[in-house]
Every structure is written in C-alpha cells, then in structure tokens.
Amino acid sequence: MATTEHAIAISNDMSMELPTLPPNQGLEALKDVVFGSAAGMAGKVIEYPFDTVKVRLQSQPDHLPLRYNGPLDCFRQSIQADGFRGLYRGISAPMAGAAIENSCLFWSYRMIQDILRATCYGSTDPLPFSALLFSGAASGSITSLALTPVELIKCKMQVPVEGTGGQAPRPLTLIASIFRQDGIMGFWRGQMGTLIRETGGGAAWFGGYEGVSAMFRAYSVPPSKGELSETDEARLPLYQQMIAGAAAGISYNFLFYPADTIKSRMQTEDITHSTINGKRQTFWGAARSLWNQQGIRALYRGCGITCARSAPSSAFIFTVYEGLRNYFG
C-alpha cells in the first residue's frame, strides 16, 4: 500500500511539472490569422509590380543575349507590351498567398515562442535573441509547405507566354494542367528552394525586426516611473517600427535570394523552355545552370529591385500587424 501511495504521489508531482501554454490560444491564433492576412494582402498590393519584374528577370532562359537588360528595361518592355495592368498579372494567387504566408508566419512564430517559454525558458522571461532566430526559422519552414503551391501558380502567371498576345492563363486552368501532368506532388515543385528561402529568410525577417527594435529600445530615453505600463514601454514610435520592418525585408530578401532565383527558374522552365534535353532540372541542376550562365550575377538577378520593394512592403506589413494587435489587444 505504501508503495502504491508513493507512486501516486510521484505521478501527481510529475503531472504538476508538465509545461503549460498560455490560455486563450484559440483567440490569439484567430488574431494572428486575421491581422496577418490583412497586413500581408496590403503589403502585396504595394510590392506586386516589382515582384512581377523580379520573376521575369529570374526566369530568362540560358541563351544570350538576355531578353531584359535590367529592372528598368523589364519595366519598359512590360508596360509597352501589356500596359501597367500587365504588371499585376496573376495577383489573385499571390494575394491569397500573402494572406496564407503572413498569417502562418505570425501564428507559428508566436506559438513556437510560447512553446519555448513553456519548455526551455521561464514563462515570464524575455526570450534571448537566439531563441527568436530559431522561432523565425521554424515558422518559415512551416510556412514553406503552404506557400510553394501558391508561388508555383503565381510564377507561371507572371511570365509571358510566346504566341498568346500577352494573355495570362487562368489560375484554375493552371491548377488543372499541373495536376494532369504531375499529380498532386507537382504543386510542390520548387519546394527545396522555398524551404531554404523561408527557413533562412524567416530567421532573417523576424531577427532583423527584433534586432533593430531592440536597438531602438536600448537607445530610447526611459520614461519617468509610473507614466507608462510595461506594454506601452515596449511599443515603438511609428517611424521606428517602419525602419525595423524595412530592415527585416531587406535582410530576408538579400541573404537567401539565390534560393528564390532557383525556385523561380524551376517553376517556369516549361514556359521559358529552359529544360535540358526535354528533362526538368533538379534544384542543384538549376543552380549549376544559372552559375554557368553568369556566375553569381545570375543567382542575384533582380535582387536590387526585390530589396527596394521589400523595404516599404515589410515596413507596412509589420506596422499594420502591430497596429491591429495593439488596437484590438
């Protein structure tokens, strides 16, 4: 009997020591989904014309001379061929993708932080920067699974097809074509590139934002005691939030841009006829092909315009998300 009571006591002690997540996870997740979706779609409207130019620069076939001499030339040729509306070709898929991507990023980023606090760190202690980087990387890798099919449709719609008079295929037509040709797994073509980009990019995106925000907080003048709550002290002025968001966008795009270039090449090779002997390229095969074409320049083709558009877009995304979070609690 004594042994049984002792075992029960140990069992009760162990159950009491199990980590617990903060309450109201369902409500917090709903806020992340709604606020992240709104911020992502707003940012996509701003950046999409630049993204179209980026994909067209990335997707040029291996033969020389290249169709576009640079971002400005691509803008000029695109507007001459399709008008300004042509730069928004295929925006329906990326609008959905932006909603999915940002809601998933913000939700998983917060959830992973909560899990780390419940298991590895004190629930009330601020997480170290290394834990925030891990949370960003993990959230990016999770998001890549949902993002690859959306980006596949987007890239195919953004690249003009010869002989179609500039008409973009409908998303449902592309979905049916991909499923017919490659089955369900065909929607994850380019997943390796998206995984590398989103895992490293997630760490760079959230790490850039958190790092610059921490720098601003460290150098800000502390308020007088009793004036502001702890939550209010953690909030940054609007211009500082936007600077931190812009730094996050540039970090995300510049550091892992080659993976995005390879992904775009793989996802559009049937349109640009960049296959080798009629066979589709692997991730590393596409990387070698780009390197043999122009070296590092080919892997960073379109990077300048991407970083230029990502700065205001990411600044807007973080500002809208944080603003909605602060307003609705």
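**Exercise 1. Classify Glu-47 by burial, then find its salt-bridge partner.**

Step 1. Glu-47 has 9% relative accessibility, so Glu-47 counts as buried. The cut-offs: buried is under 20% relative accessible area, exposed is over 50%, and partly exposed lies in between, with a 1.4 Å probe and protein chains only.

This is a predicted model: local features need pLDDT of at least 70, side-chain atom pairs count only at pLDDT 80 or more, and totals for chains, interfaces and linings use all residues. Residues are numbered from 1 along each chain as its sequence is written, and side-chain values use heavy atoms, with hydrogens and water left out.

Step 2. Glu-47 forms a salt bridge with Arg-309; the closest N and O atoms are 3.0 Å apart. The criterion is a side-chain nitrogen of Lys or Arg within 4 Å of a carboxyl oxygen of Asp or Glu.

Step 3. The pair links distant parts of the chain: Glu-47 sits in helix H2 and Arg-309 in helix H13, 262 residues apart. Helices are DSSP runs (H or I, at least four residues), numbered from the N terminus.

Step 4. Arg-309 is buried too, at 7% relative accessible area.

Step 5. Both residues belong to a network of salt bridges, which also includes Lys-44, Asp-51 and Lys-263.

**Exercise 2. Describe the salt bridges of Asp-32 and Glu-28.**

Step 1. Asp-32 meets Arg-110 in a salt bridge of 2.5 Å, N to O. Arg-110 is in helix H4 and Asp-32 in helix H2, 78 residues apart.

Step 2. Asp-32 has a relative accessible area of 0% and is buried. Arg-110 is buried at 15%.

Step 3. Glu-28 meets Arg-325 at 2.6 Å, N to O. Glu-28 lies in helix H2 and Arg-325 in helix H13, so this pair ties together parts 297 residues apart in sequence.

Step 4. The whole structure holds 19 salt bridges.

**Exercise 3. Characterise the largest cavity.**

Step 1. A cavity is a set of points on a 1 Å grid over the protein atoms alone, where a 1.4 Å probe fits but cannot get out; lining residues have an atom within 4 Å of a point.

Step 2. The largest cavity encloses about 430 Å³. Grid points are joined across faces, edges and corners, and the volume is the space filled by probe spheres set on the points.

Step 3. The lining has 29 residues; Lys-44, Glu-47, Glu-101, Tyr-252 and Arg-309 are the closest to the centre.

Step 4. By character, the lining divides into 10 nonpolar, 9 polar and 10 charged residues. Ala, Val, Leu, Ile, Met, Phe, Trp, Tyr, Cys and Pro count as nonpolar, Asp, Glu, Lys and Arg as charged, and the others, Gly among them, as polar.

Methods
1 Å grid on protein atoms, 1.4 Å probe; cavity = no way out; pocket = protein on both sides within 12 Å on 5 of 7 lines; lining within 4 Å. Helix = DSSP H or I, 4+ residues; strand = E, 2+ residues; numbered from the N terminus.
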